Amino acid sequence: MTDTNDRSASVFVHPTADVEDGAKVGDGTKVWHLAHIRSSAQVGAGCVIGRNVYVDAQVTVGDRVKIQNNVSVYQGVTIEDEVFVGPCAVFTNDFRPRAQNPDWTITPTMVRRGASIGANATLVCGIEVGEYAMIAAGSVVTRDVKPYQLVAGNPARPKGWVDEKGEVVSRDVDNPPHQG
């Protein structure tokens, strides 16, 4: 991982993107049009940061992550390796948002390895998305999602189980199939 003051030649940053001093961006990562990566953010190797993506200060993004266009990843969000975040997905970091709140605290959200978040999904802060879980497009996730679980709807509810390739392997929402 390289500091923006000594950026590796293997990191591509589009001329319209803003990668602030102090941000760390891994080798082979591509940062596209109008993206903004704040100082103290860490983006791993081999990532694709799409058009108009915002990665806030102190956010950690793992290796080989793909964040599609128009996604804001706010402080308190951690994204592990090989996660897919679809276009216009929304992360929050405040349970009781107010324009003025002197007692405001960040509520963390964790997205585990290999998870997929569909387009226009909203993730309410304070949840954990398990490894290789799949969140359907347009879902509003208000609770933890188990590893390999498929969820959909508003609010998102279990719809079955997927494998590491994203294939549905069971529609039995109560009994996950044996993994591994």
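Trainee: Before we look at Arg-64 and Glu-82, what is a salt bridge here?
Mentor: A salt bridge is a side-chain nitrogen of Lys or Arg within 4 Å of a carboxyl oxygen of Asp or Glu. Keep in mind that this is a predicted model.

Trainee: Thanks! How many salt bridges does that rule give?
Mentor: The count comes to seven. One of them joins the side chains of Arg-64 and Glu-82, at 2.9 Å from N to O.

Trainee: Where do Arg-64 and Glu-82 sit in the chain?
Mentor: Arg-64 is in the loop between β10 (60-61) and β11 (66-67), while Glu-82 is in the loop between β13 (77-79) and β14 (84-85). The pair links distant parts of the chain, 18 residues apart.

Trainee: Which other side chain does Glu-82 meet in a salt bridge?
Mentor: Glu-82 also pairs with Arg-113, at 3.2 Å from N to O. Arg-113 lies in the loop between β16 (109-111) and β17 (116-117), so this pair ties together parts 31 residues apart in sequence.

Trainee: Which residues are linked in the network?
Mentor: Arg-64, Asp-81, Glu-82 and Arg-113 are linked by salt bridges.

Trainee: Nice. Why does Glu-82 count as partly exposed?
Mentor: Because its relative accessible area is 29%, and partly exposed lies between under 20% for buried and over 50% for exposed. Arg-64 is also partly exposed, at 42%, and Arg-113 is too, at 30%.

Trainee: New topic: what does Arg-112 form with Glu-128?
Mentor: A salt bridge, with the closest N and O atoms 3.2 Å apart. Arg-112 is in the loop between β16 and β17, and Glu-128 is in strand β19 (residues 128-129).

Notes
Residues are numbered from 1 along each chain as its sequence is written. This is a predicted model: local features need pLDDT of at least 70, side-chain atom pairs count only at pLDDT 80 or more; totals for chains, interfaces and linings use all residues. Side-chain values use heavy atoms; hydrogens and water are left out. Helices (H or I, at least four residues) and strands (E, at least two) are DSSP runs, numbered from the N terminus. Buried means under 20% relative accessible area, exposed over 50%, partly exposed in between (1.4 Å probe, protein chains only).
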